[in-house]
Amino acid sequence: MTRLPSLVFLLTSLFLYTAGPTAAQDAKRAFSAKGTPTAHQPASIGAHAKGCVAGAVALPESGPTWQAMRLSRNHYWGHPATVEFIEQLSRAATQVGWNGLYVGDIGQARGGPVQGHASHQSGLDVDIWLLPPGRLDLSRAEREKISSINVRAPNQKQVNGNWTRAHERILEAAARDPRVNRIFITPPVKLKMCAEAPKRDRAWLGKIRPWWGHNEHFHVRLNCPKGERGCEDPAPLPAGDGCAEAVWWVTEALEPPDPNAPKPVAKPPLQVADLPPQCASVLSAR
Ligand SMILES: [Zn+2]
């Protein structure tokens with residue numbers, strides 16, 4: 001008697017597992033197993049934190065003004081619009097005296113949930129290292145070993161000596177780009193930029209968003225490419241430069257957590273069926 005339910009469960013899971021990609025299937029595992037993009041017309045599907053990408057392209061691992069880092073992860077795939085943006089921003093970096101940019105994770109060949117990130121799913125997110133590139137001819141092995149730099153002081157309220165005016169200008173150039181939806185960066189950088197930006201013409205500053213982590217890289221999120229109906233833009237940003245709100249991050253956010261507060265409940269891992277239905281086709285395409 002007691003064995004029967006577990007047998008039923010086993011058979012059901014077996015059925016769901018073999019029934020195809022739309023059935024209960026861990027999305028992170030399923031998408032990470034696909035190392036190559038689909039031959040579809042490029043399209044971002046769904047949202048940055050619940051989506052996938054068709055017809056992705058690889059950022060060439062080295063270019064005149066960039067290198068992709070940590071190639072072993074195979075996270076250098078994105079929407080062609082993202083790859084174009086990265087190449088252009090890396091050229092812009094040469095105008096502030098950098099050799100270009102070291103580029104971290106974009107996404108998987110077909111997008112979907114990625115190890116180590118909540119977003120980066122629809123081919124429109126990219127992490128860019130805060131380490132100014134020394135050489136742009138690093139070997140693959142060197143790119144596995146080398147680390148970025150931290151720009152946050154130990155008190156987490158200020159930037160440290162690694163943060164420079166050149167960093168600021170690169171972030172500003174990115175934020176002024178109409179293709180950019182928002183940029184995530186450690187809160188002290190946001191406050192520093194708020195203090196230094198001129199009084200007028202600060203609308204771009206609203207796109208610089210303070211967030212946890214992001215003290216060794218900044219994260220650029222692009223808007224949906226024009227005309228892509230299957231792509232969901234994130235909720236609009238609040239109006240204004242976001243400077244007054246940013247103070248919370250270096251005050252209340254740093255206070256010790258209330259020991260009596262309820263523990264946050266871990267979200268169950270995304271299943272393929274949680275993503276837009278087109279993502280099941282992206283996953284199963286040859
Ligand atoms: Zn990121």
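**Exercise 1. Check the length of helix α3: what span should its 14 residues have, and how far apart are its end C-alpha atoms?**

Start with the element itself: helices (H or I, at least four residues) and strands (E, at least two) are DSSP runs, numbered from the N terminus. Helix α3 takes in residues 80-93. The expected span is 1.5 Å times one less than the number of residues, so for the 14 residues of α3 you should get 20 Å. Now go to the model: the end C-alpha atoms are 20 Å apart, which agrees.

A word on what you're looking at. This is a predicted model, in which local features need pLDDT of at least 70, side-chain atom pairs count only at pLDDT 80 or more, and totals for chains, interfaces and linings use all residues. Residues are numbered from 1 along each chain as its sequence is written.

**Exercise 2. Find out which residues of α3 are buried, and where α3 stands in the largest nonpolar core.**

Step one is the burial rule: a residue is buried if 20 or more other C-beta atoms lie within 10 Å of its own, exposed if 12 or fewer, and partly exposed in between, with C-beta atoms placed from the backbone. By that count, A81, T82, V83, F85, I86, L89, S90 and A93 of α3 are buried.

Step two is the core, meaning a set of buried Ala, Val, Leu, Ile, Met, Phe, Trp, Tyr and Cys residues joined through C-beta atoms within 7 Å. The largest one has 56 residues, and those with the most contacts inside it are I45, I86, V103, L171, I183, F218 and C279. The largest share of this core, six residues, comes from α3. In soluble globular proteins, nonpolar side chains tend to be buried together.

Step three, pick V103 and list its contacts (C-beta atoms, placed from the backbone, within 7 Å). Leaving out neighbours within four places in sequence, V103 is in contact with L59, W66, Q67, A68, M69, I86, V126 and I128.

**Exercise 3. Work out which residues lie on each face of β11, and which strands pair with β11.**

First, the burial: β11 covers residues 217-222, and six of its six residues are buried. Next, split them by side. In a regular strand the side chains alternate between the two faces of the sheet. In β11, H217, H219 and R221 sit on one side, with F218, V220 and L222 on the other.

Then look for partners; two strands pair if DSSP finds at least two bridges between them. β8 and β11 pair in the antiparallel sense over five bridges, and I128 stands opposite F218. β9 and β11 are also antiparallel, over four bridges, with R182 as the bridge partner of R221.

**Exercise 4. Describe how β1 and β2 are joined, and how β2 is covered.**

Begin with the link: a hairpin joins β1 to β2 through two residues. The two strands, β1 being residues 43-47, pair in the antiparallel sense over five bridges. At one of these positions, A47 stands opposite K50.

Now for the cover. Five of the five residues of β2 (residues 50-54) are buried. K50, C52 and A54 point one way, while G51 and V53 point the other way.

**Exercise 5. Compare two loop residues with positive phi: is each of R70 and H120 buried or partly exposed?**

Take R70 first. It lies in the loop between β5 and β6 and has a positive phi of about 50 degrees, although it is not a glycine. R70 is partly exposed, because 18 other C-beta atoms lie within 10 Å.

H120 is in the loop between β7 and β8. H120 isn't a glycine either, yet its phi is positive, about 60 degrees. With 28 other C-beta atoms within 10 Å, H120 is buried.

**Exercise 6. Explain why R110 counts as buried, and name what R110 touches.**

R110 is placed in the loop between β7 and β8. It counts as buried because it has 28 C-beta neighbours inside 10 Å. Next, the contacts: not counting residues up to four places away in sequence, R110 touches F31, K34, P37, T38, C52, V53, A56, V282 and L283. For P37, the C-alpha atoms are separated by 5.3 Å, though the two residues are 73 residues apart along the chain.

Conventions
Contact = placed C-beta atoms within 7 Å.
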